[in-house]
Amino acid sequence: MNSLTRRLLLAGALVLGVAGAPVLAAAQRSPVEDAHPEVKELVLDGVENVDKSELKRNIATSESDCTNMLAKIFFCWFTKAPAFYNREYLDREDLRADLLRIRVFYYLRGWRSTQVDTSVVADGDGVKVT
């Protein structure tokens with residue numbers, strides 16, 4: 001192998017190494033550390049005296065789910081394609097605002113001293129928000 005070929009191979013390997021470094025770094029971060037991980041599950045724990053579905057409609061954070069019941073029955077078992085599956089991602093600013101939204105939601109219904117807390121836990125390649 002002559003020196004020109006050796007230099008070209010070395011330069012190619014260097015370029016591939018530099019280009020692949022951000023991908024490897026991103027793969028090593030946990031979903032909780034990721035800026036906008038996918039919300040795999042949203043749990044409203046301890047909800048009492050109000051309708052959970054109404055509360056979910058009043059907050060910004062939501063979980064990834066099938067687009068409709070028909071897609072859930074026929075397609076979501078096999079594929080998470082964008083045509084059949086809505087991916088929702090965690091926005092930490094919205095999550096902070098959701099804490100206030102929940103307190104206001106309860107306050108307007110007569111529950112003046114409601115306490116609200118949240119947790120974000122890794123769930124596979126996404127997060128579970130409680």
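**Exercise 1. Find out how many salt bridges the whole structure holds, and trace the ones around lysine 40.**

Solution. A search of the whole of this predicted model finds 7 salt bridges. To trace those around lysine 40, begin with glutamate 38, whose side chain meets that of lysine 40 in a salt bridge of 3.7 Å, taken from N to O. Next, turn to aspartate 125, which also forms a salt bridge with lysine 40, with the closest N and O atoms 3.1 Å apart. This second pair links distant parts of the chain, since lysine 40 belongs to strand 1 while aspartate 125 sits in the loop between strand 4 and strand 5, 85 residues apart. Finally, put the pieces together: Glu38, Lys40, Arg87 and Asp125 are linked in a network of salt bridges. As background, side chains of opposite charge can pair when their charged atoms come close.

**Exercise 2. Decide whether glutamate 38, lysine 40 and aspartate 125 are buried, partly exposed or exposed.**

Solution. The reasoning needs two cut-offs, because a residue is called buried under 20% relative accessible area and exposed over 50%, with partly exposed in between. Glutamate 38, at 7%, therefore counts as buried. Lysine 40, at 27%, falls in between and so counts as partly exposed. Aspartate 125, at 60%, counts as exposed.

**Exercise 3. Work out the strand order of the open sheet, and explain why one side of strand 1 and of strand 4 has no neighbour in the sheet.**

Solution. Start from the order, which is 1-5-4 for the 3 strands, with mixed pairing. Strand 1 (39–42) and strand 4 (120–123) stand at the edges and have a single partner strand each, so one side of each is left without a neighbour in the sheet. From one strand to the next, the twist averages 30°.

Now take the pairings one at a time. Strand 1 and strand 5 (residues 126–129) run parallel and are joined by 3 bridges, and the bridge partner of leucine 42 in strand 5 is valine 129. Strand 4 and strand 5, by contrast, run antiparallel and are joined by 4 bridges, with aspartate 123 opposite glycine 126. These two strands form a hairpin with 2 residues between them, and in its turn glycine 124 has a positive phi of about 70°.

**Exercise 4. Describe helix 4, and identify what aspartate 98 is in contact with, leaving aside its neighbours within four places in sequence.**

Solution. First consider the length: helix 4 has 17 residues and reaches 25 Å from its first C-alpha to its last, which is close to the 24 Å expected. At its N-terminal end, aspartate 91 acts as a cap, with a side-chain oxygen 3.1 Å from the backbone nitrogen of glutamate 93.

Next, look at which residues are buried, namely Leu95, Asp98, Ile102, Phe105 and Tyr106; their cover includes helix 2 (52–57), strand 4 and strand 5.

Then examine aspartate 98, which counts as buried because its relative accessibility is 3%. With those sequence neighbours left aside, aspartate 98 is in contact with Ile59, Ala60 and Thr61. Its side chain reaches the backbone nitrogen of alanine 60 at 2.8 Å, and also makes a polar contact of 2.5 Å with the side chain of threonine 61.

**Exercise 5. State where asparagine 49 is found, and what is notable about its phi.**

Solution. Asparagine 49 is found in the loop between strand 1 and helix 2. Most residues other than glycine have a negative phi. Asparagine 49, although it is not a glycine, has a positive phi of about 70°.

Notes:
Residues numbered from 1 in each chain as written. Predicted model: local features only at pLDDT ≥ 70, side-chain atom pairs only at ≥ 80, totals over all residues. Heavy atoms only, no water. Pairing = 2+ DSSP bridges. Axes fitted to C-alpha atoms, helices over the stretch in contact; angles between N-to-C directions. Buried < 20%, exposed > 50% of the residue type's maximum accessible area, 1.4 Å probe, protein only. Polar contact = N/O pair within 3.5 Å; in protein donor to acceptor, adjacent residues only side chain to side chain. Contact = heavy atoms within 4.5 Å. Expected span 1.5 Å × (residues − 1). Salt bridge = Lys/Arg side-chain N within 4 Å of Asp/Glu carboxyl O.
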